[in-house]
Every structure is written in C-alpha cells, then in structure tokens.
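Please walk me through this structure, one site at a time. I would like to know which residues meet and how open each one is to the surface.

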Amino acid sequence: MNTIIALVFSFTCFCAFSQDKIIARQGQVSFFSYTSVENIEAANNQVLSIIDLSNGDIAVSMLMRAFVFKKALMEEHFNESYVESDLYPKLEFEGEIVDFKVDATTAQTKMVKGEMTLHGVTREVEVKAQIEPKENAYVLSGEFDVGVSEYEINVPPLLRPNIAKVINVMFRFEYEPYENQ
C-alpha cells in the first residue's frame, strides 16, 4: 500500500513539474554581419531552449558548428578562426524573463536578462523579446547586437574590413509542453 501511495505521489509531482516547463527543441538563431566589403549571414535551426513557467527562468544552448552559411569557406573560417568551435563548442544562456505573465492571452514584450557564455567569455545581457501565446505553448522572438570584441573573438587585421564589429542576432523559439522522455 505504501508503495502505491509513493508511486501516485511521485507521478503527481512529476506531472506538476513537467507542466511548469516548456521546451523548444528546434529553435532558430541567425546572425547578420554587414560591411561594405561583404555581408555574412548564417542560421542555426537546432537550438535548444527551456522555460520554467513557474518562475520565468529560461535557458538556451546551441552548438556553434550547427550554423549553416551560404559559402562553405565562411563556415570554415567561422568555426576554426573566429569562434573556435573545437575549444568552445556551445553558446549558453541562463537567465529570466522579467515580469513574465504566464496567463496572458495576448503578446507581451518583456526583457530577458541573464548571462550568455560565448567563446569562453560570460557576460551579462539584456534582450527585449516578444512572447506570443499559442495553444498550450509560446513563441519567443527578438533580436539583439553582439560586439565581436566583447567575447574576445579575434579577427585577423587583413579580414577586419570583412567582419562587422557588431553582429545582429535574431532568434525565434516555438515552445511546447515539456514531456520528459
């Protein structure tokens, strides 16, 4: 009898825990670098993000090698020379959605604050994001700028005219209820 009660209690706790979290398994992050010499853009459609609805905590993790470029040589330079994907394979973000209203039925514009780690450097970031409710889920989108030097990404002097000092980053995550598998 005690075993049955313990199992029912565990399942109830698990369900409550799972219902508080939503996950985006194929989030989209892209960036654009504009200079007079060339434009560079890439997209990553394999970004993982999870939001804890009980407190607005959010986490994002993405593999740097999952960015796809139009030109293979750009992708090679990005991974080998700039972000050094072998040494720093992931970008990670942990933070919170400030004043997130879980029960809102219309789109909300909120600040997302936290720490982003890129290229081995962790910095505080604050990003404005649009959060739209959908059936049992949310879509979170926005954009922000990243200074290349802020994350100690070294660009060889010969290539500096080709790479913007500030890169525009866009993101879109479609969350669904988290079901632990």
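Y82 sits in helix α2. This is a predicted model, and Y82 is a good place to enter it. Is Y82 buried or exposed? Its relative accessibility is 11%. The cut-off for buried is under 20%, so Y82 counts as buried. Its surroundings can be listed. Leaving aside neighbours within four places in sequence, Y82 is in contact with H77, H119, I153, N154, V155, P156, L159 and I163.

Take H119 from that list next. Y82 and H119 are 37 residues apart along the chain. Their C-alpha atoms are separated by 8.7 Å. H119 belongs to the loop between β6 (108–118) and β7 (121–134). H119 is buried, because its relative accessible area is 7%.

What does the side chain of H119 reach? One polar atom of this side chain lies 3.4 Å from the backbone oxygen of Y82. The backbone oxygen of Y151 also has a polar atom of the H119 side chain at 2.9 Å. Beyond four places in sequence, H119 touches Y82, V83, E84, Y88, Y151, E152 and I153.

Now turn to the charged pairs. How many salt bridges does the structure hold? There are five salt bridges. Three of them are described here, pair by pair.

Start with K70 and E41. These two form a salt bridge, with the closest N and O atoms 3.2 Å apart. K70 lies in the loop between β4 (68–69) and α2 (72–82), and E41 lies in strand β2 (residues 39–52), so the pair ties together parts that are 29 residues apart in sequence. How open is each partner? K70 has 71% relative accessibility, so K70 counts as exposed. E41 has 36% relative accessibility and therefore counts as partly exposed.

R65 and D86 make another salt bridge, at 3.1 Å from N to O. R65 is in the loop between β3 (57–63) and β4, while D86 is in the loop between α2 and β5 (90–97), so this pair ties together parts that are 21 residues apart in sequence. With a relative accessible area of 43%, R65 is partly exposed. D86 is at 65% relative accessibility, so D86 counts as exposed.

The next pair is E174 and R172. Their salt bridge brings the closest N and O atoms to 3.0 Å apart. E174 is partly exposed, with a relative accessible area of 45%. R172 is partly exposed too, at 31%.

Move on to N168, in strand β9 (residues 166–177). Which side chain does N168 meet in a polar contact? The partner is D145, and the contact between the two side chains is 3.1 Å. D145 also appears among the residues that N168 touches. Not counting residues up to four places away in sequence, the others are S30, F31, F32, E143 and F144.

F32 leads to the last site. Which residues form the nonpolar patch on the surface? They are F32, Y34 and M170. Together they have about 290 Å² of accessible area. Within this patch, Y34 is found in strand β1 (residues 21–34). Y34 counts as exposed because its relative accessibility is 56%, and the cut-off for exposed is over 50%.

Notes: Residues are numbered from 1 along each chain as its sequence is written. This is a predicted model: local features need pLDDT of at least 70, side-chain atom pairs count only at pLDDT 80 or more; totals for chains, interfaces and linings use all residues. Side-chain values use heavy atoms; hydrogens and water are left out. Patches are made of residues with over 30% relative accessible area and no salt bridge: like charges are joined within 9 Å, nonpolar side chains (Val, Leu, Ile, Met, Phe, Trp, Tyr) within 5 Å. Accessible areas come from the Shrake-Rupley method with a 1.4 Å probe; for residues, only the protein chains shown count as cover. A salt bridge is a side-chain nitrogen of Lys or Arg within 4 Å of a carboxyl oxygen of Asp or Glu. Helices (H or I, at least four residues) and strands (E, at least two) are DSSP runs, numbered from the N terminus. Buried means under 20% relative accessible area, exposed over 50%, partly exposed in between (1.4 Å probe, protein chains only). A polar contact is a pair of N or O atoms within 3.5 Å; within protein, one must be able to donate a hydrogen and the other to accept it, and residues adjacent in sequence count only if both atoms are side-chain atoms. Contact means heavy atoms within 4.5 Å.
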